[in-house]
Amino acid sequence: MTAIPNVNKQSALGKLFAGGAFQKILAFASLIILLIGFSLASPNFMQTSNMIAILQATSVNGVLAIAATLVIITGGIDLSVGTLMTFTAVMTGVVLTNLGMPLPIGVVTGIATGAFCGFISGTLVAKMKIPPFIATLGMMLILKGLSLVISGTRPIYFNDTPGFDLISRGSLIGEVFPAVPIPNGVLILFLVAAAASYILSRTVLGRYCFALGSNEEAVRLSGVNTDNWKIAIYTLAGAIVGVAGLIIASRLNSAQPALGLGYELEAIAAVVIGGTSLSGGRGTILGTLIGALIMAVLLNGLRILSVAQEWQTVVTGAIIILAVYADNVRRRKGN
Amino acid sequence: MTNLVEMRGIEKRFPGVHALKNVQFDLRPGEVHALMGENGAGKSTLMKIMSGIYARDGGDMFVDGKPAAPDGPRAAQNLGIGIIHQELSLMNDLTAAQNVLIGREPRRRFGRLDEPALNAKTAEIFTSLNLAMDPRTMVSTQTIARQQLIEIAKALSYEPRVLIMDEPTAALNDAEIRELFRVIEKLKSEGVGIVYISHRMDEIKRIADRVTILRDGAYIDTLQAADTPLSKIIQLMVGREVTQTAPDIPDTSDNAVALEVRGLSRGKDVRDVSFNVRKGEILGLSGLMGAGRTEVARIIFGADPHDTGEILVSGQPVDIRSPQMAVQAGIGYLSEDRKHFGLAVDMTVRANIAMADLTQFTSRTGVLDEAAMKRTADQYINQLGIRTPSDTQEVRLLSGGNQQKVVIAKWLLRDCDVLIFDEPTRGIDVGAKSEIYALLEELAAQGRAIIVISSELPEILRLSHRIAVMCEGRLTGILPREGATQEEIMKLATQTENLADKTKETTQ
């Protein structure tokens, strides 16, 4: 009886930590500090056009990072998001340019290709019990090769499909509010983020995402078909990668088959900076979004300050290590 | 009246092990049927077959008189069979409600979750359990005892007609056990059949109607609990007589003090704790879950920092800031969670024992001396009576009691003068328990100072030379064993600081 008040106090405190509030605040504060720091260092930084450039640069990596977040929360990892993005762009190119189909079919093809490849990755992991790292490493190489084979190693241009470039470069918001011409690519990023966030927090699929990452065996013993849910999550992640493929193809107005490798690491970096645990069970889309923004702001700011590109890469690496260390320190204090 | 469940001639083989040999078991509506046996006797295997986790290799199973072969947890649930697992199987990153109703979340259209309904439904179950807990509480913030209660709530949420409880009280304090037994009585009156597995013999007398005993995978007997003495049950379980009487306590009052702590404090968990242990003495540390016993041990061992207070080893103040420094000072700590903190279970007995002090087995060129490691491992296997086919057996294949002995061997190898045992017999069966007790007594007789943390009062009374009791982070008293009773210990264990204020509040 007497232990009860004590326990209640614990759980109130626990709620504060468990909500991941600190994690998000930490990442958000770093973002603000970066923004203030660069504004003070260069008057060119805080221009509307530059802010939009940063958002534009975030859109592809942000969408990829959202896909990676879903998989990482289940306790897995997806190394194939970069080359899958390219593969979906190439498939869209085949349908629109080589076959001359109308635009909506191209869009559906891109997303469906992503979902299908995600389904395969998920099946490899869930049914064939191949560790996610290996399964998606294999998929990464297969898709890179297939992109080159299908495209004949040449870029596919979308000049014959009017309006394709508007997917990323047009601005629906700019038409309504001319003062803030936020490109559609950024709008898509925020829509995907909102949808993913809703799925994670409000749907059964999202619930099993966290449950699988937290204790897969316990979920299985509760009578849940864990294999199918895992495949569903990888499939959803693949479909989201398909969206990223559309954004980048539209921005470049072409499918570049040699592109893609390296994007997966940047996506995972954004996820980690955003406070999602690589061991699964914990993570937020908002955190990932902030993580992706931090990386874009950093690169943009360093470029404005004329820091050599080589050094930008060094700084990015250091930031990843710092972010995870800061999170560890916070967690240790929390306990 | 037909049996709820009937199992006949059940066979189960694992690679190299004949786990169940022609085992029978039946369960009637509204009864508590205790399943007894030492670790490795096949209790959990039998129950995993009943609940669809394992497939049987032979024999028949009937539910309501109809043949049944559940091929998974869900199939068993559909037959009305629920199980509370021995190992906690909760998802720490989810809330209590999300755990309780996992797989059966109230849904809206398009796979959307109905969170308010989820929480309301869970709150209902908690209320029926008299459990004061917010359904939105994150599981990871709860003590093991309260996690166990969430697990029980989860099993009840299936409204099972057959409920298997595998060691449900292992982490509960007396008040919580009473609450659990109240729930069991209620379920019985509703016609639910309960299979009860426990190593706490006193519980069997309190709640079981019938007792079935397994030994080495074979069915031994089914008896009426009311007219069978405990000694008979124990004898059937181990196949020999086990003495449970405590030996005389050696007089250690003149021995040198091995370890002393003065005014140890850390936040609210540990408040101004002072005590000492002499060489050759066993000090019991008692109290309810969350009283701060493990916290004290972890501070002494350098695993957690402390705010104030000092630690003296052999009269000399020592500054212990890490487990490594504690080991250098001759202090060893055997954690309550062997698998997590004490053993590399996938490695061999030899490797685990040698790991305690690898430098001892390393040549100047950095190569490990396997022959020397084998000699040492064999020596401890003999000395401690570790039952293993050889020193190259993987530790995970040993029973709980033998795993505990491997942990003890590790600390003996490091030559520690002060050994702190945290729940040394948790999940260990009766026969192995008395072996561990004898081992602890022998270690003390060799001049080591021993601290035993235990939630089982009979164990504390059986082992300790003196009994220190904690409540809410404070040391509320130290009792000599002569004349100490369970009631006296419980009084100290519940002696809260603001007890007086509270009684005032409730009377107003």
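Domain bounds here come from an automatic or database domain assignment. The model is predicted: local features need pLDDT of at least 70, side-chain atom pairs count only at pLDDT 80 or more, and totals for chains, interfaces and linings use all residues. Side-chain values use heavy atoms, with hydrogens and water left out.

**Exercise 1. State how chain B is divided into domains, and how far apart the centres of domain 2 and domain 3 lie.**

Step 1. Read the assignment. Domain 1 of chain B takes 1–80 + 160–242. Domain 2 takes 90–159, and domain 3 takes 257–500.
Step 2. Take the C-alpha centres. Those of domain 2 of chain B and domain 3 of chain B are 35 Å apart.

**Exercise 2. Describe the interface of chain A and chain B.**

Step 1. Count contacts (heavy atoms within 4.5 Å). On chain A 31 residues take part, facing 36 residues of chain B.
Step 2. Get the buried area, which is the accessible area (1.4 Å probe) that two parts lose on being put together, summed over both. The result is about 2,800 Å², with 57% from carbon and sulfur atoms.
Step 3. Look for salt bridges (a side-chain nitrogen of Lys or Arg within 4 Å of a carboxyl oxygen of Asp or Glu). The rule finds 2 across this interface. Arg282(A) pairs with Asp93(B), with the closest N and O atoms 3.6 Å apart.

**Exercise 3. Find the residues that touch the most other members of the largest nonpolar core.**

Step 1. Fix the terms. A nonpolar core is a set of buried Ala, Val, Leu, Ile, Met, Phe, Trp, Tyr and Cys residues joined through side-chain atoms within 4.5 Å. Buried means under 20% relative accessible area, exposed over 50%, partly exposed in between (1.4 Å probe, protein chains only).
Step 2. Rank the 81 members. Val63(A), Leu64(A), Ile66(A), Val297(A) and Ile102(B) touch the most others.
Step 3. Find the main source. Helix H3 (residues 48–73) of chain A gives the largest share, 13 residues. Helices (H or I, at least four residues) and strands (E, at least two) are DSSP runs, numbered from the N terminus.
Step 4. Check for another core. A second, separate one has 67 residues, including Val261(B) and Phe421(B).
Step 5. List neighbours of Ile102(B), leaving out residues up to four places away in sequence. Among them are Tyr208(A), Val219(A), Met91(B) and Leu94(B).

**Exercise 4. Trace the surroundings of Arg466(B), starting from its strand.**

Step 1. Pair the strands (at least two DSSP bridges). Strand E19 (residues 466–471) of chain B runs antiparallel to strand E20 (residues 474–480) of chain B, joined by 6 bridges. In E20(B), Pro480(B) is the bridge partner of Arg466(B).
Step 2. Inspect the turn. The hairpin has 2 residues between the strands, and Glu472(B) takes a positive phi near 50°.
Step 3. Find the charged partner. Arg466(B) and Glu281(B) form a salt bridge at 2.6 Å, N to O. Glu281(B) sits in the loop between E12 and strand E13 (282–286) of chain B, so the pair ties together parts 185 residues apart in sequence.
Step 4. Compare exposure. Arg466(B) is partly exposed at 22%, whereas Glu281(B) is buried at 4%.
Step 5. Add Val277(B), which is found in strand E12 (residues 270–278) of chain B. Val277(B) is buried, with a relative accessible area of 0%. Not counting residues up to four places away in sequence, Val277(B) touches residues including Leu283(B), Ile450(B) and Arg466(B).

How values were computed: Residues numbered from 1 in each chain as written. Chains lettered and ligands numbered in written order.
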